[in-house]
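Below is a short note for a colleague who is coming to this structure for the first time. The points are numbered so that each can be checked against the model in turn.

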Amino acid sequence: MELFVATSILIYVIGAIGIFGNINIIIAIYRLKPRMKSSLLVGLVACCDTICILSEFQNATRNVLYVQSYRKECFWAISSYLFMCKMQTTLMCALAFDRFLAFVLPFRYLKFRDSRYLVACCIPGISFGIFFLTFAALNMEDGPIVACNPPLAYPPMVMPIWNDWSVTFDTLTLVLSIAALIAMAIRTYQLKRSSKRSNENEMLKKQKSLSKSCSVMIVIFLLTTYFGHFGMNIIRALGASQDVEDTVLTMAVLPAMVAYSQAFYVYFWSSRLYRDAFKEQLNFILPSNMKISLSESRVTAVTSISGSVSGQNISNTPRLQ
């Protein structure tokens, strides 16, 4: 039980850091005009991550107060969390696909309407989230559980299916990420051999810049989620006792909390545009003697494209407002 309390304290610490970062990245994305598709996806991920963190706080509170959780009441108490877990997983997959599409069809990608694009990216997560909630509710088996979090809130019959589904989508995310890197390398090679596509060269340069932050986010997400899901499979394959399995499933929330909390810090490190936006936002709350200086260039265009594509002029220069 002391181990669960220590885990709960870490949940509070990592979660507080994550909520601070997620709020900042959502505000920064809102201020960016015009908004980029990949950034909008990151903003949606940050919203999902925030709900997941807040739901883990209730789990941590139960452990600290030594509250005995039961599967049925826990399932309904964190149903929004269970839904958002599916949304986060599919949105990370959509982010990997977004980077692939940006290199394979760069100009057509720009022409997609943001609203329709985001709806299309959200439909799989919404569908799978509703499916697993309904499937679990119809097969609910009540009983005491050591912690109120996924996957323990799912019935024993649903838990391995949920886990295998997550591993499948994580693997798809990995494949799409590798495909995006290959597409970027091929496009770079093609454009180096052509001197007549200056506009596409500029587009490639900006998309590569955007991909840096997205790629780091995806790598951290995959490392943490694979740790949790494969850990569950390994424990079961070894035939470990129920106590050992429950302990592993409870501890697996810590790498998940890292995944929920990472976006702000990845973008602060890897993106000058967002780093300056974050500094401006931090300066609103810091005292005058602790203000953070901005970079000399302050705000630069990340995806500035001006050219003719099929007879149409495209101008897409994001600025902070």
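**Notes on the predicted model**

1. Helices α1 and α11 are oblique to each other, since their packing angle is about 60 degrees, with the axes 7 Å apart. Please keep in mind, here and below, that this is a predicted model. Helix α1 covers residues 2-31, and its partner α11 covers residues 263-270. On the α1 side the contact is made by I17, F20, G21, N22, N24 and I25, while α11 contributes A263, F264, Y265 and Y267. By character, the residues of this contact comprise seven nonpolar and three polar ones, with no charged residue.

2. Helix α10, residues 253-261, is largely enclosed by the rest of the structure, because seven of its nine residues are buried. Those buried residues are V253, L254, P255, M257, A259, Y260 and S261.

3. For the protein as a whole, the secondary structure consists of twelve helices and six strands. Of the 321 residues, 52% are buried, and the accessible surface comes to about 15,100 Å², with 66% of that area belonging to carbon and sulfur atoms. Among contacts with a separation of 6 or more, 78% are between residues 24 or more positions apart.

4. An unreviewed UniProt entry lists "transmembrane region" for residues 6-27, 39-58, 78-97, 117-138, 165-189, 210-228 and 248-269. Two of these listed spans can be set beside the model. Residues 117-138 are 100% helix and 0% strand, and the C-alpha atoms at the two ends of the span are 33 Å apart. Residues 165-189 are likewise 100% helix and 0% strand, with 36 Å between the end C-alpha atoms.

5. Which residues does L40 contact, leaving aside its neighbours within four places in sequence? They are I29, R35, D114 and L118. L40 itself lies in helix α2, which spans residues 37-64, and with a relative accessible area of 16% L40 is buried, the cut-off for that term being under 20%. The C-alpha atoms of L40 and S115 are separated by 9.9 Å, although these two residues are 75 residues apart along the chain.

6. S69 belongs to strand β2, which is made up of residues 69-70, and its relative accessible area of 2% places S69 among the buried residues. When residues up to four places away in sequence are not counted, S69 touches R62, G143, P144, I145 and C148.

7. Two points of backbone geometry deserve a careful look. Most residues other than glycine have a negative phi, and most peptide bonds are trans. Y66, however, has a positive phi of about 55 degrees although it is not a glycine. Y66 sits in the loop between α2 and β2, and at 54% relative accessibility Y66 counts as exposed.

8. The other backbone point concerns the peptide bond from P150 to P151, which is cis, with omega near 5 degrees. P151 is found in the loop that runs between β3, residues 144-145, and α7, residues 159-192.

How values were computed
Residues are numbered from 1 along each chain as its sequence is written. This is a predicted model: local features need pLDDT of at least 70, side-chain atom pairs count only at pLDDT 80 or more; totals for chains, interfaces and linings use all residues. Side-chain values use heavy atoms; hydrogens and water are left out. Axes are lines fitted to C-alpha atoms, for helices over the stretch in contact, and angles run from 0 to 180 degrees between N-to-C directions. Helices (H or I, at least four residues) and strands (E, at least two) are DSSP runs, numbered from the N terminus. Angles under 35 degrees count as roughly parallel, over 145 as roughly antiparallel, 65 to 115 as roughly perpendicular and the rest as oblique. Contact means heavy atoms within 4.5 Å. Ala, Val, Leu, Ile, Met, Phe, Trp, Tyr, Cys and Pro count as nonpolar, Asp, Glu, Lys and Arg as charged, and the others, Gly among them, as polar. Buried means under 20% relative accessible area, exposed over 50%, partly exposed in between (1.4 Å probe, protein chains only). UniProt positions are given in the numbering used here, feature names are shortened, and annotations may be inferred rather than shown by experiment. Accessible areas come from the Shrake-Rupley method with a 1.4 Å probe; for residues, only the protein chains shown count as cover.
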